[in-house]
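Reader: I should like to examine the terms applied to this model and the grounds for each. May we take them one at a time?

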Amino acid sequence: MDKSDKNKSRKFDVPFEEIKRQREYVNLAKTVLETRFGLIEPLAYVHTFGCQGNVADSERMKGWLAQMGYGFTEEIEQADFVLYNTCAVREHAHDRVFGNVGALKPIKEKKPHMIIALCGCMMQQEHVWQKIKKSYPFVNLVFGTHAQHRLPELMYKALCGGKRVFEVENSDGFIAEGVPVRRDGSFKGWLPIMYGCNNFCSYCVVPYVRGRERSRTPEAVIAEANELIASGCRDITLLGQNVNSYNRDSGEMNFAELLKQINNIDGDFKIRFMTSHPKDCTFELLDTMARCEKVSRHLHLPFQSGNNRVLKEMNRGYTREKYLSLIEYARKVMPDISLTSDIIVGFPGETYEEFCDTLSLIKEVEFTSLYTFIYSPREGTKAASMPDPVSREEKGKWFRELTSAQEQIAAKRSQKMLGQTYRVLCEEHSGGMLSGRTDGNVMIDFPGDESRIGEFVNVKVTACRNWTLSGEIAD
C-alpha cells in the first residue's frame with residue numbers, strides 16, 4: 001500500500017486540529033458555568049444503556065466533562081447536567097430510555113438550570129430524535145454516535161443559547177484520538193479497537209447508527225494498552241462490533257497479530273475481547289489465542305440460530321456446519337476453552353422445527369452460558385418488514401424450552417468444576433465475600449478481605465450452582 005492509499009483509508013480520522021478546537025470549547029464552557037450559572041463545582045450524572053462499547057464511549061465523554069470542571073454524582077437530583085447514553089439494539093433498552101427521560105421532567109422543573117442531554121445509538125435514529133424534539137421539550141441537547149467527540153462544543157452551545165441543540169447528522173463515522181478518558185474502574189479497562197459494522201444482519205440496527213467499520217491504528221491501540229497496564233489495569237477487554245474485522249481492508253496488522261502484540265506487553269494482566277463474528281473467525285485467531293498466555297480462554301461467538309435457512313434470512317454469512325467446525329477447532333487447540341454465545345428466538349418466519357435446530361446445537365456444543373433474546377423488531381431493518389406469524393406467547397414457550405435446556409448444561413458444567421482451582425481477579429466485595437471471574441469468564445464468590453480487590457488469587461471451587469460458583473482462596 002503506497003502512502004496515498006494509506007492516507008485515503010484513514011479519511012475517517014478526526015484531525016488533531018479539531019480535538020484542539022474542542023479543548024478550547026472546554027475552557028469556554030467552564031467559564032460559562034462559573035460566570036453565568038455560578039457553578040464552580042458542577043455535578044454530572046451519566047447513565048449508560050447497552051453494551052460495553054457504550055460504556056467506553058461514556059468514559060470518553062466523562063473525560064471531557066471532568067476537564068470542564070464537572071464532578072460526578074450517582075444521585076440524579078444533585079446533578080447540574082444529566083447525560084443518558086442510549087442503546088438501540090433491543091426494545092427493552094429503548095423503552096427504558098423513554099421512561100427515564102420522562103421521569104426527569106419534575107426534576108428539571110425544580111432545577112431550571114439543569115442541562116439534560118441524550119446521546120448514543122437511539123439518538124442516531126431520526127424517528128427517535130424527532131419524538132424527543134416533539135414530546136420532550138425539556139431535553140436541551142441531543143447528539144448521535146458520530147458527534148460524541150464534539151461534546152465540549154455542543155455543551156457550550158447548550159449553555160449559552162436559548163435554543164435546544166440537535167446534532168444528529170448521518171455519517172459513515174469517525175475515529176477521534178486524543179479525547180481524554182475518565183475510567184470507571186482502576187483494574188479493569190475497556191479498550192475500543194474499532195467502531196461500526198459492515199455486516200447488515202437483517203435484524204440489526206447497528207450499521208445504521210454506528211456507521212461503517214473503521215479501525216484504530218495498531219499504534220494507538222497498543223499505546224492505550226500500555227497506559228492501562230502502567231496505571232494498574234489487570235483485565236483489558238478489547239471492543240468492537242466485530243473485532244475479527246479489525247483492519248480487514250487496510251492491509252495493516254490484523255486482529256490475531258494485535259492480540260500477539262498486546263500479549264507481549266510486560267505485566268500481569270488478562271486480555272479479553274468481544275464481539276467475535278463467526279463469519280470472520282479464523283483458525284489463525286484460535287491458534288493465537290492458544291499460544292498467548294495472557295489471552296483469556298473464553299470465546300464469545302454468537303451463532304444466533306442453528307438453522308441454515310434462518311441464518312441466511314438473518315444475513316449472517318455462515319452455516320451451522322461452518323460454526324461447528326470453528327468450535328471443533330477451538331476445542332482442539334484449547335481443550336479448556338469456555339464458549340458463550342447469543343441466540344435470537346422467534347426470528348420472523350422461523351418455525352418450531354427450525355428452532356429445534358438451535359436447541360440441538362446448544363446441546364451439541366454445551367456452552368458455558370448463553371445470552372438469549374426473543375426477536376425484537378428494529379425500525380429500519382430488513383427483518384422488521386418480514387412476515388412474522390408466530391405469536392409472542394408461542395415464542396415465549398420456545399424461549400423457556402431453550403433456557404431450561406441451557407440450565408441443565410450449565411449445571412453439568414458446574415459439577416465438573418467442583419474441586420478445581422482457578423486463578424481469579426478479585427473484582428467486587430460485599431458482605432465479607434469477594435467475587436471475580438475465572439479465565440473462562442465464570443463468576444466465583446469466596447470469602448476474603450476488601451483489600452484484595454484488584455489482585456489475582458487462586459480459588460478452589462467448593463460449591464456450584466447453574467451460573468455461579470462458590471469457593472475459597474487456595475493461595
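Author: A helix, as the word is used here, is a DSSP run of H or I with at least four residues. The model itself is predicted.

Reader: What makes the stretch that holds Y208 a helix?

Author: Y208 is found in α8, which covers residues 206–210. That run satisfies the requirement of at least four residues, and it is therefore called a helix.

Reader: Why is Y208 assigned to its exposure class?

Author: The relative accessible area of Y208 is 42%. Buried would require a value under 20% and exposed a value over 50%, so Y208 is partly exposed.

Reader: Which residues does Y208 touch, leaving out those up to four places away in sequence?

Author: They are Q124, F200, G380 and T381. Each has heavy atoms within 4.5 Å of Y208, which is what contact means. As for S385, the C-alpha atoms of Y208 and S385 are 16 Å apart in space, while 177 residues separate the two in sequence.

Reader: N263 has a relative accessible area of 5%; why is it placed in its class?

Author: The value of 5% falls under the cut-off of 20%, so N263 is buried. N263 lies in helix α10. Beyond its neighbours within four places in sequence, N263 is in contact with I271, C292, E293, K294 and V295.

Reader: Let us turn to the strands. How do you know that β10 and β11 are paired, and in which sense?

Author: Strand β10, residues 235–239, shares 5 bridges with β11, in the parallel sense. Pairing asks for at least two bridges, so these strands pair. Within the pair, L238 stands opposite F273 of β11.

Reader: What makes β7 and β11 edge strands of their sheet?

Author: The sheet has 3 strands in the order β7-β10-β11, with parallel pairing, and it is open. Strands β7 (188–192) and β11 (270–274) each pair on one side only, and they are the edges. From one strand to the next the twist averages 25°.

Reader: Which helices pack on this sheet?

Author: Helix α3, residues 52–67, touches β7, β10 and β11, and its direction makes about 95° with that of β7. Helix α10, residues 255–263, touches β10 and β11 and makes about 155° with the direction of β11. Since the angles run from 0 to 180 degrees between N-to-C directions, the value for α10 means that this helix and β11 point in largely opposite senses.

Reader: How do you know that β19 has two partners, β17 and β18?

Author: Strand β17 (443–447) and strand β19 (468–473) are joined in the parallel sense by 3 bridges. Strand β18 (456–464) runs antiparallel to β19, with 5 bridges. Both counts satisfy the rule of at least two bridges, so each is a pair. M443 has T468 as its bridge partner in β19, and C464 has L469.

Reader: What qualifies L238, F255, I262, M289 and I362 for membership of a nonpolar core?

Author: A core is a set of buried nonpolar residues, Leu, Phe, Ile and Met among them, joined through side-chain atoms within 4.5 Å. These five have the most contacts inside the largest core, which has 54 residues. Helix α13 (320–333) gives the most to this core, with 6 residues. Another core of 30 residues lies apart from it, including I76, A79, A88 and I132.

Reader: Why does touching I362 not suffice to place Q406 in a core?

Author: I362 touches Q406, as well as F303, I343, F367, L370, L402, A405 and I409, with residues up to four places away not counted. Gln is not one of the residue types admitted to a nonpolar core, so Q406 is excluded.

Reader: Finally, what makes the space of about 270 Å³ a cavity?

Author: A cavity is a set of points where a 1.4 Å probe fits but cannot get out. The count comes to 1 cavity of 30 Å³ or more. Of its 17 lining residues, D57, Q148, H149, A176 and Y195 are the closest to its centre. Helix α3 gives the most to this lining, with 4 residues.

Reader: And why is the space of about 510 Å³ called a pocket?

Author: A pocket is an open set of points, so the name applies to this second largest one. Among its 20 lining residues, D336, I337, S338, T368 and R413 lie nearest its centre. Helix α15 gives the most to the lining, with 5 residues.

Definitions and conventions. Residues are numbered from 1 along each chain as its sequence is written. This is a predicted model: local features need pLDDT of at least 70, side-chain atom pairs count only at pLDDT 80 or more; totals for chains, interfaces and linings use all residues. Side-chain values use heavy atoms; hydrogens and water are left out. Buried means under 20% relative accessible area, exposed over 50%, partly exposed in between (1.4 Å probe, protein chains only). On a 1 Å grid over the protein atoms alone, a cavity is a set of points where a 1.4 Å probe fits but cannot get out, and a pocket is an open set with protein on both sides within 12 Å along at least five of seven lines; lining residues have an atom within 4 Å of a point. Grid points are joined across faces, edges and corners, and a volume is the space filled by probe spheres set on the points.
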